[in-house]
Amino acid sequence: MPCPNILQLQLTQTRKKSNGNDMYCCSAGILAKFSVHPKHSAPSMTTANCFKNPFPFLFNRDSFTSRIPVTSFGCRSMDAKHVGDDVFSVTSTSKYDVDYLGESTKGDLNLKIDHLEAFGIDGQAALSGPIEELARTEAQEAEDLLNDLGIPSPSSARNSPRGIFCSRTLNLRSISAIGYDMDYTLMHYNVMAWEGRAYDYCMDNLRNMGFPVDGLAFDPDLVIRGLVIDKHNGNLVKADRFGYIKRAMHGTKMLSTQAVSEMYGRELVDLRKESRWEFLNTLFSVSEAVAYMQMVDRLDEGAIGPELGTLDYKGLYKAVGKALFRAHVEGQLKSEIMSKPELFVEPDPELPLALLDQKEAGKKLLLITNSDYHYTDKMMRHSFNRFLPNDMGWRDLFDMVIVSARKPEFFQMSHPLYEVVTGEGLMRPCFKARTGGVYSGGSAQMIESSLNVHGDEILYVGDHIYTDVSQSKVHLRWRTALICRELEEEYNALINSRGNRARLVELINQKEVVGDLFNQLRLSLQRRTKGRPAQTLAATNMDDQELTESMQKLLVVMQRLDQKIAPMLESDGELFNKRWGFLSRAGLWDKSHLMRQIEKYADIYTSRVSNFLHYTPFMYFRSQEQTLAHDSYSYYCSEVNGSASAVKNRS
């Protein structure tokens with residue numbers, strides 16, 4: 001009978017040469033039973049430092065084999081090649097069920113029938129007893145074993161800047177294919193370098209068009225993702241989840257709270273009105289927004305001459321967009337990046353290994369990018385090939401590559417499909433995509449048909465709220481993941497702001513208590529002046545002078561609290577951005593419009609694709625409880641009622 005304490009350790013011996021030593025990669029290929037013996041506890045495997053290594057999960061062959069005897073894998077020696085076939089089966093796409101959360105069970109790992117009795121599932125042999133007690137014991141042992149192995153648990157990964165956060169429950173086991181965008185998803189650019197050069201090219205084009213741009217410089221702190229350009233007023237605004245505008249900037253000057261209220265008190269941001277509102281969906285929007293807000297200043301100063309025609313703020317936005325579009329289309333920017341990719345791309349050694357785990361777990365990997373073939377091949381080779389084992393190239397990771405995809409139309413309609421047939425990028429028309437091919441154009445429906453995967457079997461990962469996430473969700477019901485690199489900086493800023501936010505909340509709570517008393521006394525005074533009794537007999541009998549003096553004192557306290565609270569609220573979030581505060585928040589307790597878009601369209605979100613490495617390709621992401629305005633009151637009432645019932649029962 002197998003040992004009761006086992007770890008299904010995934011051991012694929014993927015050989016990698018490193019400094020003359022053979023290295024072995026722990027991945028999702030083969031499942032082996034691993035029973036832990038005190039003599040061979042995991043710290044001797046030197047796994048505790050695996051996440052500090054640029055190649056996580058890679059072990060030195062000599063230390064691995066010498067410190068962990070072969071016979072310790074399972075209670076008896078076994079050939080790892082046959083463990084999965086002998087013991088486990090995988091739920092197929094045609095025989096899947098749904099679990100207690102309504103998620104598909106396809107891809108789940110199950111014990112084969114002849115092994116059920118050995119594990120006590122039939123007959124309650126080894127796993128007998130109440131499941132609550134058994135689960136408590138096994139959970140503790142599992143946590144201890146993870147600690148011994150030096151493997152972070154999903155909960156520890158979630159509570160970090162590198163966590164994957166869940167808006168809608170997602171079972172990765174049921175995902176058959178994972179599609180990836182490239183720019184700012186698989187490829188993270190240095191924002192100052194990339195957007196700075198895009199800004200430079202944009203300004204050069206504006207200068208050639210006759211616009212006064214001398215003296216202007218790129219300022220990436222001027223804007224953040226998730227803001228909205230108001231093309232009617234020449235403003236940049238930050239809205240809450242309901243569309244109410246909380247902060248605004250005209251040109252490069254922040255507007256006062258009073259000015260924002262007067263200008264937008266009756267208006268809501270409506271992203272469907274594209275003629276007025278422009279949402280900054282991605283980091284690619286930074287250079288455009290900076291250039292536009294600076295040119296608004298020049299327009300207000302009267303520096304833009306009449307030879308350019310009568311320009312309003314909307315016409316100015318169109319001119320800036322045209323200048324930036326030319327920088328991209330004419331190829332100057334991308335040619336420069338391809339010639340010196342090391343100046344623009346921040347490499348991530350963990351990223352190719354995360355995708356390798358997913359591929360070996362049976363996922364079909366797709367690359368779907370709007371970039372052309374030459375640029376895609378150059379950048380992917382630079383970012384991936386040096387970190388892959390066994391002389392693999394980036395093409396070996398992907399079952400299908402789509403370049404020049406023309407998203408978001410790729411998810412909405414069909415375009416002609418061309419196959420890239422040479423390394424120089426020569427193409428020929430074709431009518432059906434095949435596994436292993438590189439294609440240009442086409443459509444998402446064509447991909448589904450070619451791979452025989454559909455809808456919620458596909459997870460698409462991208463950085464653009466609209467082009468990548470919302471369109472694949474709305475039109476195809478694909479599962480979605482958003483990449484937002486700024487989350488790491490925001491997470492750390494939130495941690496470092498906890499003390500200030502706690503003091504701010506304490507002051508607000510104190511004002512609320514003081515204000516409650518003031519309002520009750522004010523109502524008592526109102527009733528008294530009308531010749532009616534106050535709320536209670538004690539309030540009715542209160543001395544006139546005592547009532548007046550109490551209200552005066554409380555009013556002074558509230559006014560002084562306001563003077564303290566207002567600047568603290570204004571500065572909340574300045575550790576992330578001094579002008580706009582936190583990315584995900586619009587005020588102390590409310591979510592930003594960006595956060596509402598993320599929750600609505602992204603099932604999961606994280607700062608970078610390589611964060612998947614700290615989970616597994618079989619992870620079950622469960623969304624957190626969503627609190628409602630009345631939750632705290634119902635909890636309080638249940639506690640009070642429970643205490644009252646207990647007292648009554650004792651009496």
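**Note on the predicted model: strands, cores and salt bridges**

1. In strand β20, Y439 is the bridge partner of I402. This is a predicted model. I402 belongs to a parallel pairing: strand β17 (residues 400-403) runs parallel to strand β20 (residues 438-441), and three bridges join them.

2. Which residue of β20 is the bridge partner of E419? Again it is Y439. The pairing here is antiparallel, with three bridges between strand β18 (residues 417-420) and β20. β20 thus pairs with β17 in the parallel sense and with β18 in the antiparallel sense.

3. Y439 also has a place in a nonpolar core. To take the cores in order of size, the largest has 114 residues. L186, L355 and F398 have the most contacts inside it. Helix α8 (residues 285-300) supplies the largest share, nine residues. A second core, separate from this one, has 21 residues, including L366, Y439, I447 and Y460. In soluble globular proteins, nonpolar side chains tend to be buried together.

4. F398 deserves a look. Its contacts, leaving aside neighbours within four places in sequence, are Y180, L186, L355, L365, L366, L367 and M380. Two of these names, L186 and L355, are listed with F398 for the most contacts inside the largest core. L366 is placed in the second core, yet F398 is in contact with L366.

5. Is helix α11 (residues 350-360) largely enclosed or exposed? It is largely enclosed by the rest of the structure, because nine of its 11 residues are buried. The buried set is E350, L351, P352, L353, A354, L355, L356, D357 and Q358. Charged residues are on that list: E350 and D357 are buried along with the leucines. L355, named above for its contacts in the largest core, is on the list too.

6. What do the buried residues of α11 pack against? They pack against β10 (177-180), β16 (364-368) and α12 (373-384). After the helix comes G362. The phi of G362 is positive, near 100 degrees.

7. Now the charged pairs. The structure holds 35 salt bridges. One of them joins E488 to R162, with the closest N and O atoms 4.0 Å apart. This pair links distant parts of the chain, 326 residues apart. E488 lies in helix α16 (residues 486-496), and R162 lies in the loop between α5 (154-158) and β8 (164-166). E488 counts as buried because its relative accessible area is 15%, under the 20% cut-off. R162 is partly exposed, at 22%.

8. E267 and R276 form a salt bridge through their side chains, at 2.5 Å from N to O. Which end is buried, and which is partly exposed? R276 is buried, at 16% relative accessibility. E267 is partly exposed, at 27%. In the E488 pair, by contrast, the acid is the buried partner and the arginine is partly exposed.

9. R406 and E409 also meet in a salt bridge, at 3.6 Å from N to O. Neither end is buried: R406 is partly exposed at 46%, and E409 is partly exposed at 29%. Beyond such pairs there is a network. Salt bridges with shared partners join E103, R168, K473, R479 and D603. Side chains of opposite charge can pair when their charged atoms come close.

How values were computed:
Residues are numbered from 1 along each chain as its sequence is written. This is a predicted model: local features need pLDDT of at least 70, side-chain atom pairs count only at pLDDT 80 or more; totals for chains, interfaces and linings use all residues. Side-chain values use heavy atoms; hydrogens and water are left out. A nonpolar core is a set of buried Ala, Val, Leu, Ile, Met, Phe, Trp, Tyr and Cys residues joined through side-chain atoms within 4.5 Å. Buried means under 20% relative accessible area, exposed over 50%, partly exposed in between (1.4 Å probe, protein chains only). Helices (H or I, at least four residues) and strands (E, at least two) are DSSP runs, numbered from the N terminus. Contact means heavy atoms within 4.5 Å. Two strands pair if DSSP finds at least two bridges between them.
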